[in-house]
Amino acid sequence: MAEKTLLIVDGNALIYRAYHAFPKNLTAPDGSPVGATFGFCRILFGAIRNLKPTHLAIAFDLPGPTFRHEMFADYKGTRSAMPEDLVSQVPVVHEIVETMEAPIFTHEGLEADDMIGTISRLLEEKHSEVRTIILSSDQDLLQLVTEQTLMYAPAVLPKKPTLFTVKEVQEKYGFDPIQMIEYKALRGDPSDNIPGVKGIGEVTATQLLKQFGTIDALYKALAKGPLEGVKTGVQDKLKEHEADARLSHKLATITTDAKISFSLDNCRLELLQPENLVDLFRKLGFKSLIEELPGSHKLAATAADVFGEKEEALAAVEEEAHEECESDRIDASLAPVLRTMEDYGVKIDVPYLAKLEAEFTTEIGTITAELQELAGQPFNPDSPQQVGFILYDVMKIPTTHIRKGKTGFTTDADTLTKIAEEHPIAALLLTYREKTKLLNTYIKPLQEIVDKKGRVHTSYAPDTSTGRVSSRNPNLQNIPTKSEQGRRIRKAFITEKGWCLISADYSQIELRVAAHLSGDAALIEAFNTGGDFHKETAEKMGVDRRTAKIINFSILYGKGAYGFSQDLNISVDEAKKYIEQYFKTFSGLRTYLDKVLNDARTNGYGETLFGRKRPFPNLTAGNYNLRSAAEREALNLPIQGTAAEILKKAMCSLDNRLKESGSKARMILTVHDELVLEAPEKEAQAIAAILKETMETAVQLIVPVFVEAKTGSNWAEMTPIEN
């Protein structure tokens, strides 16, 4: 058994992991984004605490091309640019690592993976007493797993962290760790733009590996004649794309013999200087991380001295916010339900998506030509700088009310929407962006990640800022619901033969929650009459239904007069009059919202109906933008958070009722206020009744809760089920 353990961290992968796993609206006292930075530290310190390594090393990528780019110019060419709010955090993460004096390994022309591969193999050759654990979620690194080298993938709730051993890799993927190289050579890797053999997916690649072991053995056998048990079409693809397979093999292979200077003794955990981080963490606002630092027992007195009364008060709020409440118990009950949903996955019509990909590609090509014709010259619609040049320099679109950023006048969606009526090129750019985003976010990736049964498995977690359930890898909650393009994609979500989809969506649940929490008599009356609430609001205010709907929801999200004016395309003065009129109509809601904000300022946190607390330290910030954002979030939390808790309670109850009924029906999707089930067609009516009743009775409000159930053979074409 190994006497020592080296934890070697894939720094860049961990930064990205933290960016997507932790709240993006987390900011330092100076307003700068720190969500990924906080998450990086939380994951790293948690791994040290759980794995108890004796040694630590951290590997980072360096800017610039690597030897893989020299081999293949388009390596990682499909990756989008790093988000702006993450770019600024990378140097801060490096500063944290350097401040605590952790050993850092980089090499020009190589990647962090190559540092990790070299160090792990060096230890296997020269230090059999040392076990290496790689901290990463990057599938590429699984090729390094041996009896002595393991990989630890950090947790993404509700899943637990995974410690990949040789056996774990074999069970999950069906082949040995080292064969991950062969797998990527055949299947490719879209995330790194490794081509692989076009037309060969994960199932075929796995089958070929089981039969031949390596691509060398595969191509040697193929050179001798037809392969037994392999479809002719697959053999033709292998022959046609052999060069791509060979290139992909080289690109996917992690270097294990880089010329680096490595001393195990210099990586001893006891050499870390965590106390050096106290001042930096104070600057970043990371009070809660002080006690998580390695060797934090040495820091208790220091932390108390360094942090002032404000930080101590915030710490007390955080501690109180994490006391177990009804909301915590709901989340605990929901966790196994979410894991079951993940395991089931949702059926995808892959041939339909392939057809849709061809259609979108053609449509995008046509739009690109139309854009260039309108502009009078070629340009790249994906480049904000080139788009800005065309709009404001070539076409001379007025910039009087256009916001200017560091690189010029903005070309974001809000700006294009404002000028779209007068300038057709702006409307066309919006269509181009929608189609390209859907193509690259859903249409292509969904085809690549389906399992052997044609199902896609997302990861769910009740971890958004308001407690809503999130969906990641892939995010199935961001597919547009109202646009025709979004419906074209939803049509790809289908069922097994003899089954159907059943969906149910809460009607105006947040407004009903607002009526319950505020006790506003006019709100309660409007819902108790059973009519169209937006229509009734329109009548009370003398506006059309669309305007009333915008006002109703914007009030809940804490928008001020300027936000109203932008949404309704009216002057700020007119917007102020609408707000005044609205709160005269619903005066009880005004009183309630004022109390929510005052309580949040006094307590330092907001709270939902079931006790979920969220700190809002920026409510007293001197910076107007930070303070305004915190006020909007504080106003929104009790209403949207309570609505989220109602849906989660319904999901827990529904899970129990389905089990008790003996039905084979199962929950497969949750999207904001909507639940989607898969059920045998013959049970549709009965399951829809159970679903509707369970959702409507999950919580008793002082106004009625209404749910409409629908069914269909795909997610886009659902029709109401009559009671």
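1. Strand β5 (residues 149-153) is a good place to start in this predicted model. Five of its five residues are buried, so the strand is largely enclosed by the rest of the structure. T149, M151 and A153 point one way from β5, while L150 and Y152 point the other way.

2. The neighbours of β5 are worth a look too. With strand β4 (residues 130-135), β5 pairs in the parallel sense over four bridges, and I133 has L150 of β5 as its bridge partner. With strand β6 (residues 162-164), the pairing is antiparallel over three bridges; here Y152 stands opposite L163.

3. Helix α2 (residues 35-51) has the length one would expect: at 1.5 Å a residue its 17 residues should span 24 Å, and the end C-alpha atoms are 24 Å apart. Since 14 of those 17 residues are buried, α2 is largely enclosed by the rest of the structure. Just after the helix, K52 takes a positive phi of about 50°.

4. You will find two cavities of 30 Å³ or more. The largest has a volume of about 70 Å³, and helix α29 (residues 624-661) gives the most to its lining, with four residues. Among the lining residues are R468, K648 and D673; by class, the lining has four nonpolar, three polar and three charged residues.

5. The second largest cavity holds about 30 Å³ of space. Its lining includes M341, E342, H457 and L669, and the elements giving two or more residues to it are α16 (326-344) and β17 (666-671). Its lining residues divide into seven nonpolar, three polar and one charged.

Key
Residues numbered from 1 in each chain as written. Predicted model: local features only at pLDDT ≥ 70, side-chain atom pairs only at ≥ 80, totals over all residues. Heavy atoms only, no water. Expected span 1.5 Å × (residues − 1). Buried < 20%, exposed > 50% of the residue type's maximum accessible area, 1.4 Å probe, protein only. Pairing = 2+ DSSP bridges. 1 Å grid on protein atoms, 1.4 Å probe; cavity = no way out; pocket = protein on both sides within 12 Å on 5 of 7 lines; lining within 4 Å. Points joined across faces, edges and corners; volume = space filled by probe spheres on them. Nonpolar A, V, L, I, M, F, W, Y, C, P; charged D, E, K, R; others polar.
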